[in-house]
Amino acid sequence: MESMDQCLQPALQLRQEQQLYRFRQMLESSQQVRVKQGKRTLLNFCSNDYLGLAAHPEVKQAAQDAIKKYGMGSGSSHLICGHHLQHHLLEEELAAFTNRDRALVFSTGFMANLGTITALVDKQDAVFEDKLNHASLLDGGLASGAKFRRFPHLNYKRLDQLLNESNTRRKLVVSDSVFSMDGDQSGANTLVEICEKHQAWLMLDDAHGFGVLGDSGAGYAEQEQLSQSQLPILMATFGKALGTFGAFVAGSEILIETLVQQARSYIYTTGLPPAIACATRESLRLIIAEPERRQKLNKLIRYFKDQAKHFALPLMLSDTPIQPILVGDAVKSMHMANSLKEKGIWVTAIRPPTVAKGSSRLRVTLSAEHEFSDIDQLMQLLTEEFKA
């Protein structure tokens with residue numbers, strides 16, 4: 001009989017042979033546009049720190065002050081003795097910022113999505129998801145036990161057909177607002193119209209839109225002017241534009257109380273450290289007080305797209321900080337990423353199974369801390385790679 005290691009080894013070896021093996025890249029500095037890795041300093045184009053808040057002095061100071069006052073760990077789950085005043089204040093501020101009745105803080109985005117979906121639907125129901133949804137949304141749908149249906153990316157005609165065919169007790173439609181690997185956005189008006197037609201509930205994951213989109217940075221719902229009744233379940237994370245850690249779900253009083261009572265990934269886990277909540281509150285304050293961060297980011301996005309068009313790079317369609325450049329072949333994408341890194345530029349190669357076979361890409365992400373000269377440097381090297 002094979003041992004566990006003997007059983008697992010062939011799959012690892014096959015992944016290596018297919019150039020699909022994943023490696024952790026260790027940093028020795030804070031998360032910034034220039035990071036230290038060993039003895040090298042790299043220009044970072046693969047972080048989701050869209051507004052440059054992860055190492056912001058005031059965010060760091062808020063965390064340091066909170067640690068001195070409250071210590072590090074929360075000590076327990078929220079429903080025992082781990083729910084802190086700072087969690088409560090953050091939830092109130094998030095609810096006001098997103099124009100929702102209430103918000104609920106989760107320890108991670110994955111736990112927020114898993115807990116929310118499994119609390120709202122079960123085997124009597126159906127969940128409908130875009131095929132390019134984040135893994136946490138897909139896993140939440142599968143774990144719920146509900147009838148699980150996926151529709152082709154942004155194909156809302158097919159979604160309409162699937163909903164029309166369904167006669168389950170509840171219907172939950174789930175989508176990213178900004179898709180993490182493509183950078184494109186969902187169709188808000190069409191989704192709302194279809195959900196209202198079929199009396200389905202709509203849930204959007206705004207991990208990559210919150211802090212970036214909308215006049216005040218309140219995200220995709222603000223940009224598209226989606227009310228709480230049109231978008232009853234809004235989820236977003238702190239680990240991207242806010243530069244901290246954790247996530248939240250916002251919606252009605254009844255929704256949030258349902259999650260407090262039934263979301264297992266909220267009930268049965270230790271609460272977020274109060275210091276993280278304090279740092280996140282400071283990030284939220286900066287997003288509101290400094291709109292120039294978003295303004296600069298949008299200028300950088302436009303400049304990047306213009307330069308990519310000028311140099312005829314195979315840029316995918318996106319108006320967000322996520323700017324994927326299609327390569328196709330997984331081996332070639334890894335070769336290009338490694339070559340760029342040797343020249344001091346850090347861009348991640350995204351390969352299957354994260355994306356479909358034949359759609360491997362270099363995923364460039366922009367931050368408000370980048371300068372136009374950084375994009376010029378990147379463009380020069382990218383052009384050389386695609387000509388090689």
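In this predicted model, strand 1 and strand 2 are paired in the antiparallel sense, with four bridges between them. The two strands form a hairpin in which two residues lie between them, and glycine 38, located in the turn, has a positive phi of about 65 degrees. Within this pairing, arginine 34 has leucine 43 of strand 2 as its bridge partner.

In a regular strand, side chains alternate between the two faces of the sheet. Such an alternation is seen along strand 1, which spans residues 34-37: Val35 and Gln37 are directed to one face and are buried, whereas Arg34 and Lys36 are directed to the other face and are not buried.

The bridge partners arginine 34 and leucine 43 are also linked to helix 15 (residues 372-387), where aspartate 374 is placed. With residues up to four places away in sequence not counted, aspartate 374 touches Arg34, Leu43 and Phe45. Aspartate 374 is classed as buried because its relative accessibility is 3%, the cut-off for this class being under 20%.

Beyond strand 2 (40-44), the loop that leads to helix 2 (57-70) contains leucine 53. Leucine 53 likewise counts as buried, because its relative accessibility is 0%. When neighbours within four places in sequence are left aside, the residues in contact with leucine 53 are Val59, Ala241, Leu242, Gly243, Ser283, Leu286, Ile287 and Arg293. A further relation across the sequence is that between leucine 53 and threonine 244, which are separated by 191 residues in sequence but by 8.0 Å in space, C-alpha to C-alpha.

Definitions and conventions. Residues numbered from 1 in each chain as written. Predicted model: local features only at pLDDT ≥ 70, side-chain atom pairs only at ≥ 80, totals over all residues. Heavy atoms only, no water. Buried < 20%, exposed > 50% of the residue type's maximum accessible area, 1.4 Å probe, protein only. Contact = heavy atoms within 4.5 Å. Pairing = 2+ DSSP bridges.
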